[in-house]
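User: Please take a close look at a single part of this model, beginning with one pair of charged residues, and then set that part beside the sheets. I would prefer one connected account to a list.

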Amino acid sequence: MPYLGSAETVKELKRALSNPNVQSDRLRYRSVIVRVIRFMTQGLDMAPLFMEMVKASATVDIVQKKLVYLYMCSYAPLKPDLALLAINTLLKDCADPNPMVRGLALRNMCNLRVPGVSEYAQQPILSGLRDKASYVRRAAVLGCAKMHSLQPDAEIDGAVVNELYGLLRDQDPVVMVNCLRALEEILKKEGGVVINKPIAHHLLNRMKDLDVWGQSEVLTFLLRYRPRCHSELFDILNLLDSFLESGHSGVVAATTRLFLSLGAALPAVQSGVLERARGPLLAACTAQSRELRFVALCHVQQVLRSLPGHFGAHYKKFFCSYSEPSYIKFRKMEILVELVNDENVGMLLEELRGYCTDVSPELAQAAIFAIGRVGQTYSEKCLSILTGLLELKQEQITSAVVQTFRDQVWLRPQCSESVCAAIVGCEEHIQDSEGKQALVWLLGVHGEQIPGAPYVLEEFIDSLKTEQSPAVKLELLTATVRLFLSRPAETQDVLGRLLTFCIEEECDMSVRDRALFCYRLLQCGVEEARRVLGGPKSDPSLGLIAGRPEEPINSWAGDFNTLAPVYSRGDWAALTATTGGSPSLLPQVTGGAAQADPGSVEDAEAVDSAAAAAHSPPDPGEELCLVSGPPLSPELFERRWLALEPSRRVSLGWPGGDCLPETLQAALQLVNIQALALSRLHARPWKAYLYAHCLGTVLLAELLRDPDADGLQVTVKQDPEREEALSSFLTVLKTVIQTLGNSSASLASHD
Amino acid sequence: MIGGLFIYNHKGEVLISRVYRDDIGNRRNAVDAFRVNVIHARQQVRSPVTNIARTSFFHVKRSNIWLAAVTKQNVNAAMVFEFLYKMCDVMTAYFGKISEENIKNNFVLIYELLDEILDFGYPQNSETGALKTFITQQGIKSQHQTKEEQSQITSQVTGQIGWRREGIKYRRNELFLDVLESVNLLMSPQGQVLSAHVSGRVVMKSYLSGMPECKFGMNDKIVIDKQGKGTADETSKSDLGGSSGKQSIAIDDCTFHQCVRLSKFDSERSISFIPPDGEYELMRYRTTKDIILPFRVIPLVREVGRTKLEVKVVIKSNFKPSLLAQKIEVRIPTPLNTSGVQVICMKGKAKYKASENAIVWKIKRMAGMKESQISAEIELLPTNDKKKWARPPISMNFEVPFAPSGLKVRYLKVFEPKLNYSDHDVIKWVRYIGRSGIYETRC
């Protein structure tokens with residue numbers, strides 16, 4: 001918090017820093033610097049002191065050095081020219097006999113984030129890579145990555161890359177992992193660090209030496225490796241098996257993910273892996289810390305998407321403890337619902353009923369909805385519990401129960417009788433609009449079974465003036481007309497009043513329109529109105545309420561142990577869609593899964609990853625601009641195609657194997673390239689016609705796969721001509737094709 | 001990888017901020033976004049991972065302090081949390097409790113730690129013992145670093161054994177071994193165990209000279225759930241030696257300090273290691289079977305009319321009569337509309353604490369196989385609120401001088417071939433402490 005008089009403070013500190021008396025007293029000098037850092041943390045602008053602080057870095061005192069370095073790294077981007085002054089000191093320190101000083105200097109030099117620093121840092125980094133102290137080597141390796149991130153466009157230095165690959169054999173495990181991390185960042189454009197057989201085996205053998213962070217990361221890198229044969233695959237599984245029992249849930253999850261990906265084509269292996277991982281996952285669910293418990297629960301939910309009964313026998317582990325935070329309780333309830341089976345249903349419902357009276361109204365409601373979902377299979381038991389809850393006469397509970405009733409009746413018409421008996425008298429305890437809507441709906445649809453229905457509706461209609469929610473009013477209109485059709489004598493008067501009010505006094509247009517609609521409908525005659533309004537009272541095929549079907553394991557295996565399970569699905573979709581970016585390792589990984597078996601189960605994933613890869617531009621600064629423009633009719637396309645001259649002919653490497661046209665089309669669509677026509681799967685020659693809009697021009701393209709020629713011939717035409725549009729179109733197209741396939745595409749121009 | 005790490009106080013003021021990568025954008029924005037969206041948010045925390053403007057904030061709260069790790073990448077969530085805990089552990093090891101005052105007083109040290117633990121957002125070195133070499137605590141002389149100290153650093157940074165330095169000497173070779181367990185229970189009103197587990201730690205303090213090799217043995221019988229785990233591991237019955245079978249315990253899962261040779265554990269189930277110097281956690285384990293529940297709580301709640309509640313709670317201690325449990329505290333929740341409480345207890349002191357909505361019953365000591373009871377009459381104010389009282393569970397705290405999991409240390413041997421002291425010369429201390437974790441009985 002910058003406070004008044006900060007200019008004064010800066011001046012005073014400046015005086016102190018340049019006071020020779022202070023400078024000569026090490027402790028005093030240091031304490032002034034500590035004050036500078038303290039103000040910096042509090043948000044005061046300490047940039048004016050840069051000169052003095054740089055001078056302070058020329059000291060033998062390590063504590064002081066560290067402090068000054070911290071200051072410099074924070075302010076260097078603001079004062080790039082002055083930062084270079086500090087480099088001399090840093091360079092000198094890089095040659096210090098003390099490895100700690102060397103490492104410290106190297107690390108901070110690379111942290112400076114000033115454009116000019118890379119020329120100075122190059123030499124120290126190179127010698128740091130060969131330093132005899134691993135502390136220095138660690139800093140040097142990451143220094144390479146830092147230099148690259150400073151100038152992402154600079155050409156990649158092959159010598160450094162080779163050196164880093166060589167350092168994978170370093171005896172210090174952290175150096176090795178740092179090498180992987182650095183290579184991954186440096187080679188990002190080329191798809192990251194290459195994990196071939198010797199490297200993969202080397203990494204596997206070193207796993208035991210690594211710390212948990214290293215293990216978890218190496219396991220993620222190994223996702224990229226495809227074993228050549230089954231025996232190698234099983235060797236890997238055996239070798240890594242012990243990591244499933246690691247006490248760090250991150251390592252457990254990373255191992256599970258790797259195993260699932262290795263077994264992508266072998267369902268038996270996958271289910272075996274999940275069987276094996278059940279214990280560790282359960283252990284993580286009862287971990288000491290709540291955040292880890294939460295993460296583990298999210299992963300359990302992922303597993304349940306494919307194997308609903310997987311944790312059925314262990315349902316007690318998911319009972320909520322009173323003191324747990326609500327985010328855990330919500331997750332646990334969702335899981336409990338999935339685990340229901342004939343044996344545990346009694347205990348489970350009993351437990352859920354306990355949550356219905358929770359202090360937090362949201363939790364209580366969630367518990368009631370959970371009971372409702374169990375009720376889709378075990379209807380009687382749930383109904384009696386829910387009816388019992390009505391006796392508590394609490395607002396939120398009653399409202400949630402009535403909403404659950406509505407869904408129940410819709411899915412299971414046979415329980416309508418008991419529901420109708422139960423909801424009598426509920427109207428007094430419902431305040432929120434969702435509950436009211438549900439109650440009114442029930443009264444309308446099943447009014448003939450509820451003796452007091454017209455009078456309940458009358459109460460609602462009488463208090464219409466104070467009703468806020470238009471949704472309730474809409475529901476009220478429909479319900480009253482419905483009830484009128486089944487019990488005209490009792491409802492006529494109320495209906496009249498309702499319609500008058502809604503037509504003459506209502507301001508909300510949708511309500512007014514609905515009222516007018518009802519009025520006209522009734523004018524057409526009772527039979528007509530009955531035909532329109534009296535649809536089926538139940539339709540179990542409405543799958544939305546009933547929940548979702550099982551999904552194949554591979555649909556989520558790629559996301560396991562990333563952020564995807566932690567965020568809700570909606571959030572995650574929004575997150576990845578708007579960034580358009582591919583979350584780090586994901587595309588390569590899933591793309592890798594697709595290459596193993598192109599055109600089969602992984603198609604959907606391949607599409608996603610292709611789109612994601614194409615979406616992530618090589619340089620975040622450079623915006624790709626393919627947009628979804630107006631659709632082009634085939635005739636129009638043909639006319640334009642014939643009229644235009646080809647702007648560019650390119651040959652792209654075609655992935656081995658065939659790619660389903662649907663897959664390709666879907667992938668292209670995600671990046672806003674429309675496919676107009678595609679040949680069948682095995683047609684020779686195979687052709688596809690595509691078009692896209694970009695920067696105000698239309699791009700037309702023909703893909704041709706000739707049996708005689710190698711690769712894929714791409715002809716692009718453009719109207720009007722724009723070079724940037726053309727190149728970005730080709731980049732996107734190339735990425736899609738590459739991601740769908742596996743061979744490295746060679747882009748050779750034939751202008 | 002982690003883009004940045006922030007520490008806030010409960011008001012949302014930043015105490016520490018360290019940015020490792022540029023991709024999390026403007027430091028100010030990230031810092032403020034978290035304050036506005038999480039710390040100052042009206043509703044309770046929805047998830048420990050919050051996504052604000054496509055940036056993920058992983059946060060944990062320790063007493064009044066928030067620690068948040070920020071990243072733009074799609075990372076492994078469990079790992080980030082593990083890292084934050086590790087960070088807390090390291091800080092605790094350096095300056096004790098994580099509180100606002102401690103953080104403010106030690107902020108230079110914290111910056112130093114953050115600098116060593118993470119580089120460019122990647123965890124580098126998180127072992128407290130090994131870190132000590134790199135951290136220049138306040139007032140340490142560094143320019144006069146002797147040759148010896150320098151060589152220590154070199155051996156430390158290059159050597160294979162990262163957790164112990166060469167040339168340690170003690171006049172008295174001593175070993176302290178603590179088995180610390182926390183027992184967790186959730187029991188139904190009818191006395192049925194809904195869930196119970198023990199999470200335990202074996203903490204050692206070693207003051208040994210040279211590079212000793214230690215071997216640790218306990219009464220472990222790892223019964224591998226054949227169905228749950230694919231490979232058939234031999235149970236280690238042979239390890240039990242002469243002791244009878246019923247004294248062995250089944251450990252569900254365990255992890256070791258990095259010094260333990262895992263390969264040996266896998267093949268022979270023996271725990272052998274070169275210990276770090278000073279205090280460290282040798283192993284961590286969890287058991288769920290055959291747990292000795294030190295206390296049983298029997299609640300009886302009767303509603304007498306609308307304005308009165310009668311509560312009777314009996315606690316029974318269930319362990320050897322010669323042992324003494326300490327610091328027993330039973331917390332009986334009372335409804336929000338309580339107007340007065342009369343308590344009668346046979347032992348200890350009981351008090352109604354209106355601010356906590358609970359009757360707190362404290363007993364200093366209690367021997368095994370005893371039973372004690374408390375009865376209370378709770379007067380209620382008549383209210384219009386029809387909300388039924390949710391009846392939170394009765395929770396309990398205690399400390400007992402044995403391990404509720406049944407774990408016993410069988411031996412701890414020390415071998416140091418180079419120096420002339422033998423296993424017998426080492427003074428060893430063993431202590432068992434069982435504490436309550438979440439120990440709840442529903443009523």
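Analyst:
**A glutamate at the chain contact, and the sheets of chain B**

A:Lys66 and B:Glu116 form a salt bridge in which the closest N and O atoms are 3.4 Å apart, and this, like everything that follows, is read from a predicted model. The acidic residue has a further partner, since B:Glu116 also forms a salt bridge with A:Arg107, where the closest N and O atoms are 3.3 Å apart. A:Arg107 belongs to helix H7 of chain A (residues 99-111) and B:Glu116 to helix H4 of chain B (residues 107-117), so this pair joins two chains. As a matter of background, side chains of opposite charge can pair when their charged atoms come close.

For the interface of chain B and chain A as a whole, the rule gives eight salt bridges, while the structure holds 53 salt bridges over all chains. The same rule-based reading of this interface finds 25 residue pairs in polar contact, with both residues at pLDDT 80 or more. On the side of chain B that touches chain A, helix H2 of chain B (residues 77-95) supplies the largest share, namely eight residues. By residue class, that side of chain B divides into 37 nonpolar, 34 polar and 25 charged residues. The contact draws 96 residues from chain B and 98 residues from chain A, and the two chains bury about 8,100 Å² between them, with 53% of that area on carbon and sulfur atoms.

Turning from the contact to the sheets of chain B, one of them is an open sheet of five strands, ordered S2-S1-S5-S4-S3, with antiparallel pairing. Strand S2 (14-19) and strand S3 (49-52) of chain B stand at its edges with a single partner strand each, so one side of each is left without a neighbour in the sheet. From one strand to the next, the twist in this sheet averages 20 degrees. Within it, strand S4 of chain B (residues 55-62) and strand S5 of chain B (residues 65-71) pair in the antiparallel sense over seven bridges, and B:Phe58 has B:Ala69 in S5(B) as its bridge partner. S3(B) and S4(B) also pair in the antiparallel sense, over four bridges, with B:Val49 standing opposite B:Phe58 in S4(B). B:Phe58 is thus matched with B:Ala69 in S5(B) and with B:Val49 of the edge strand. The hairpin of S3(B) and S4(B) has two residues between the strands, and there B:Ala53 takes a positive phi near 45 degrees.

Another open sheet, of three strands, follows the order S12-S10-S22 in chain B, again with antiparallel pairing. Its edge strands are strand S12 (271-273) and strand S22 (409-415) of chain B, each of which pairs on one side only, and the twist averages 15 degrees from one strand to the next. Strand S10 of chain B (residues 213-218) pairs with S12(B) in the antiparallel sense over three bridges, whereas six bridges join S10(B) to S22(B), these two likewise running antiparallel. On the S12(B) side, B:Phe216 has B:Ile271 as its bridge partner, and B:Lys215 stands opposite B:Ser272. On the S22(B) side, B:Cys214 stands opposite B:Val414. In general, strands of a sheet pair through backbone hydrogen bonds, either parallel or antiparallel.

One more strand pair of chain B completes the account. Strand S14 (residues 295-304) and strand S15 (residues 308-317) of chain B pair in the antiparallel sense over 10 bridges, and among the matched residues B:Glu303 has B:Leu309 in S15(B) as its bridge partner. The hairpin they make has three residues between the strands, and within that hairpin B:Gly305 takes a positive phi near 70 degrees.

Note on methods:
Residues numbered from 1 in each chain as written. Chains lettered and ligands numbered in written order. Heavy atoms only, no water. Pairing = 2+ DSSP bridges. Contact = heavy atoms within 4.5 Å. Buried area = accessible area lost by both parts, 1.4 Å probe. Salt bridge = Lys/Arg side-chain N within 4 Å of Asp/Glu carboxyl O. Polar contact = N/O pair within 3.5 Å; in protein donor to acceptor, adjacent residues only side chain to side chain. Nonpolar A, V, L, I, M, F, W, Y, C, P; charged D, E, K, R; others polar. Axes fitted to C-alpha atoms, helices over the stretch in contact; angles between N-to-C directions.
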